[in-house]
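This report describes the fold of one protein chain and the surroundings of its ligand. The sequence and structure are shown first.

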Amino acid sequence: MIITVASFKGGVGKTTTAFHIAAYLNEQAKTLLIDGDPNRSVLGWAARGELPFKVVDERSAAMHARQYDHIVIDTEARPEYEDLKALADGCDLLILPTTPDALALDALKLTVDALKKLGTAKFKILLTVVPPRPEKDGEEAREALAEAGLPVFKAEIRRFSAYKKAALSGLPVHKIKASNAKEAWEDYKAVGKEIVDEQVQFATASKAGAIAHI
Ligand SMILES: Nc1ncnc2c1ncn2[C@@H]1O[C@H](COP(=O)(O)OP(=O)(O)OP(=O)(O)O)[C@@H](O)[C@H]1O
Ligand SMILES: [Mg+2]
C-alpha cells in the first residue's frame, strides 16, 4: 500500500500524520517512510530518535521501495496543481489532513477542487489538531465536510501537547512519556485501522468483481 499525505496549507499535521501512520503500519508489515518535503522534516525528526521504521529522502526512495510492504510519503505544503496530479497518480490513498479552522478548510477546498478536476476519488480528509470540547470546531468542520459530500476519516486527531514533545524527541507519541501520549496514539491507531480495514474491503470487492467476471 502506498499512502501519500498532502495539503495546500502548511502546518496542518502532515508530517505528524505521515510519521504516526508509518509507525502504525510498521507494526503489521515492513513500512518505509519517504520524506518528500525539501525541508526534510521527517529526516530531521528521525535523526533525533531511534525509529522502528526506515526513513529515506525521496531521491533515494526508488532504491529502497521494493523491500517494503507499505510506503508512506510526507510531502511539502502547497504542491502545485501538476504536483498534485503526480501525487494522486502515485499512491493508493491520498490523505489530506486539515485543522478544523476556516483558513485551513478554505485551503482544503482548493485542494479538493483540484483533485476533482483531476478526476481522482482516492483521497480522504483527516481532521487534525482538533480542540477539546466544549469547543465545537471539530464537530462543525465534520458537518460542513459531510454536507459537501466529501470523504472524511471517522477517526480524528485531537490536539495534544504530547505531539510536540514527541517531535522534539524524534519518536512517535507512544514511545515517549507524556500525560496524554496514550490517548494521542489511540487516535492515530484508529486512523491506521480505518485505512487497513478499507484496503481489505477494497481488495475483497475487487476479488469478488474479478470472480463474477469469470
Ligand atoms: N494533533 C496535534 N496536537 C497538537 N499539536 C500538533 C498536532 N499535530 C501536529 N502538531 C504540531 O503542529 C506543528 C505542525 O505539525 P506538522 O509539522 O506535522 O505539520 P505539517 O503540515 O507537516 O507542516 P509543514 O507544512 O510545515 O510541513 C508541529 O509543531 C506539531 O508537533
Ligand atoms: Mg511537514
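In this predicted model, helix α2 spans residues 41-48 and has V42, W45 and A46 as buried residues. Viewed along the axis of α2, these buried residues lie within an arc of 95 degrees, so they line one face of the helix. The other side of α2 carries A47 and R48, which are exposed. Which elements cover the buried residues of α2? The cover includes two helices, α1 (14-26) and α7 (162-169), together with the strands β2 (31-36), β3 (54-57) and β4 (70-75).

Helix α7, which is part of that cover, can be described in a similar way. Its buried residues are Y163, A166 and A167. These residues take up an arc of only 100 degrees around the axis, which puts them on the same side of α7. K164 and L168 are exposed and sit on the face of α7 turned away from the buried side. After α7 comes G170, with a positive phi near 70 degrees.

The table sets the two helices side by side.

| Helix | Buried residues | Arc of buried residues | Exposed residues on the other side |
|---|---|---|---|
| α2 | V42, W45, A46 | 95 degrees | A47, R48 |
| α7 | Y163, A166, A167 | 100 degrees | K164, L168 |

The next topic is the ligand. Ligand 1 is surrounded by 18 residues, of which G10, K14, T15, T16 and A77 are the closest. Two elements, α1 and α7, each give two or more residues to this shell. Helices α1 and α7 are also among the elements that cover the buried residues of α2. How many residues of each class does the shell around ligand 1 have? There are 7 nonpolar, 7 polar and 4 charged residues in the shell.

At the level of the whole protein chain, the secondary structure consists of 8 helices and 6 strands. Read from the N terminus, the order of the elements is β-α-β-α-β-α-β-α-β-α-β-α-α-α. Of the 214 residues in the protein chain, 40% are buried. Among contacts with a separation of 6 or more, 72% join residues 24 or more positions apart.

The overall dimensions complete the description. Along the principal axes, the C-alpha atoms of the protein chain fill a box of roughly 55 × 40 × 30 Å. The radius of gyration of the protein chain is 17 Å, which agrees with the value near 17 Å that a compact globule of 214 residues would have.

How values were computed:
Residues are numbered from 1 along each chain as its sequence is written. Chains are lettered from A and ligands numbered from 1 in the order in which they are written. This is a predicted model: local features need pLDDT of at least 70, side-chain atom pairs count only at pLDDT 80 or more; totals for chains, interfaces and linings use all residues. A residue is buried if 20 or more other C-beta atoms lie within 10 Å of its own, exposed if 12 or fewer, and partly exposed in between; C-beta atoms are placed from the backbone. Helices (H or I, at least four residues) and strands (E, at least two) are DSSP runs, numbered from the N terminus. The arc is that of the directions from the helix axis to the C-beta atoms. Two residues are in contact if their C-beta atoms, placed from the backbone, lie within 7 Å. A residue is near a molecule or strand if its C-beta atom, placed from the backbone, lies within 6 Å of it. Ala, Val, Leu, Ile, Met, Phe, Trp, Tyr, Cys and Pro count as nonpolar, Asp, Glu, Lys and Arg as charged, and the others, Gly among them, as polar. The radius of gyration is taken over C-alpha atoms; the globule rule is 2.2 Å times the number of residues to the power 0.38.
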